[in-house]
Amino acid sequence: MTGTLVFYSEFDDFDQWKRLLLSEIPTLDIQQASAVTAPEKVRYALVWKPPEHFFQRWPNLELVINLGAGVDALVGRCDLSNIPVTRLSDPNMARMMAGYVLFAVLRYARDIPFFEQMQKQARWQYRHPRAAEEIRVGIMGLGELGGTTAQEVARQGFSVVGWSRTAKQIDGVECHHGMASLNEFLSRSDILVIMLPSTPETRGLLNDQRLAALPHVANLINVSRGDIVDEPALIASLSSGQIGGATLDVFAQEPLPESHPLWSMENVLITPHLASVALPGSAAKQIAANIQRVNDKQPPLHCVDLNRGY
Ligand code: NDP
């Protein structure tokens, strides 16, 4: 194979990706963006959140591989047009996400935040457990990660309702779609899980009115992007008790500033954007296969639609 793969990520380990990709395609030239001396030889880019104008440097680029599932950092850029953009599509990444969401759902379903509070006061306070099927879990977004998660949560016996843009059929999940059904879907979500991509349609979707459509003391879990939820409205709902508690892995501003009010809210659990991550050991094969396809003049798999935004 001829050509160079340029790598850019401030979060991922270049040496590990290079080693794994070379074990799949030994003849591939792989370089960090800062080390490339012949930009005209670059045919592939493996990137996570590259800076502005990054793609202008490679005049013969044929494939962009996003080092994750969410492609919002690649949408609306002036340096990227007519080059196929692919995302990671890795069952292990979906399993990792499903594990995080399942943990957060079970934590609420089994009243763990309540027992944590009681423990701080050394109080033996019995609260009778609820049956899983009595608890309605609403999953917004039924894509690769959302669909897998919905099935995993349903497998635990919860009553799972899903919501997406287009119609879906998923075993064990009552599926709804489109804006017309959104408020009804929200009103039936005792635990709401946000798994939508950040697009012009979804940004700010969970505003004060939609948060008010949730059942009183509902719990909210956001593992997709912070800007889908109106943060001031969320903080107001958490303060008033309309929302009983939130598990937040993503925020409008990351890292979440030290002075942010969410840090000190007793009914909020915060993790630093790691519900699911790119797993080199399992994703390298898929990336290598796509590079091979492009080298063989075949269309790559797992392309995203930058006009649609995901
Ligand atoms: P997909 O692109 O596979 O699926 C997106 C889903 O959202 C689809 O079901 C889609 O509907 C639905 N959707 C999109 N727009 C709308 C809309 N306007 N109204 C209703 N539904 C809509 O995404 P994934 O499941 O792979 O991932 C979801 C998000 O998770 C990513 O975009 C990323 O932001 C985030 N993420 C977060 C991570 C973390 O660590 N916190 C890690 C990885 C990803 P339809 O099927 O009808 O098109």
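Modeller: Helices, which are H or I runs of at least four residues, and strands, which are E runs of at least two, are taken here as DSSP runs and numbered from the N terminus. With those names, V277 can be placed in the loop between β12 (268–270) and α8 (280–295), and please keep in mind throughout that this is a predicted model.

Colleague: Why is V277 called partly exposed?

Modeller: Its relative accessible area is 34%, and since buried means under 20% and exposed means over 50%, the value falls in between, so V277 counts as partly exposed.

Colleague: What makes V277 part of a nonpolar surface patch?

Modeller: A patch takes residues with over 30% relative accessible area and no salt bridge, and joins nonpolar side chains within 5 Å. V277 has 34%, and together with M96 and L274 it makes a nonpolar patch of about 220 Å².

Colleague: Why are H53 and N82 placed in different exposure classes?

Modeller: H53, in the loop between β3 (42–47) and β4 (63–66), has 39% relative accessibility, which lies between 20% and 50%, so H53 is partly exposed. N82, in the loop between β4 and β5 (85–86), has 82%, which is over 50%, so N82 is exposed.

Colleague: What makes the phi of H53 worth pointing out?

Modeller: Phi of H53 is near 65°, a positive value in a residue other than glycine, and phi of N82 is likewise near 65°. Most residues other than glycine have a negative phi, which is why such values are pointed out.

Colleague: And what is the geometry of the peptide bond from E254 to P255?

Modeller: That bond is cis, with omega near -5°, and P255 sits in the loop between β11 (243–248) and β12. Most peptide bonds are trans, which is why a cis bond deserves mention.

Colleague: Why are N290 and S224 both called buried?

Modeller: N290, which belongs to helix α8, has 2% relative accessibility, and because this is under 20% it counts as buried. S224, in the loop between β10 (218–222) and α7 (231–240), has 8%, also under 20%, so S224 counts as buried too.

Colleague: How do you know that the side chain of S224 makes a polar contact with the backbone oxygen of L196?

Modeller: The S224 side chain reaches that oxygen at 3.0 Å, and as a polar contact requires a pair of N or O atoms within 3.5 Å, one able to donate a hydrogen and the other to accept it, the pair qualifies.

Colleague: Turning to the ligand, what makes T166 a polar contact of it?

Modeller: A polar side-chain atom of T166 lies 2.5 Å from an oxygen atom of the ligand, which is within the 3.5 Å limit, so the pair counts. Polar backbone atoms also come within that limit, that of S276 at 2.9 Å and that of G146 at 3.3 Å. Taken alone the ligand exposes 940 Å², and the protein buries 93% of that.

Colleague: Which residues come nearest to the ligand, and which element gives the most to the shell?

Modeller: Of the 31 residues around the ligand, R87, T166, K168, V223 and Y310 come nearest. Helix α4 gives the most to the shell, with 3 residues, and the shell divides into 14 nonpolar, 10 polar and 7 charged residues.

Methods
Residues are numbered from 1 along each chain as its sequence is written. This is a predicted model: local features need pLDDT of at least 70, side-chain atom pairs count only at pLDDT 80 or more; totals for chains, interfaces and linings use all residues. Side-chain values use heavy atoms; hydrogens and water are left out. A residue is near a molecule or strand if one of its heavy atoms lies within 4 Å of it. Accessible areas come from the Shrake-Rupley method with a 1.4 Å probe; for residues, only the protein chains shown count as cover. Ala, Val, Leu, Ile, Met, Phe, Trp, Tyr, Cys and Pro count as nonpolar, Asp, Glu, Lys and Arg as charged, and the others, Gly among them, as polar. Patches are made of residues with over 30% relative accessible area and no salt bridge: like charges are joined within 9 Å, nonpolar side chains (Val, Leu, Ile, Met, Phe, Trp, Tyr) within 5 Å. A salt bridge is a side-chain nitrogen of Lys or Arg within 4 Å of a carboxyl oxygen of Asp or Glu. Buried means under 20% relative accessible area, exposed over 50%, partly exposed in between (1.4 Å probe, protein chains only).
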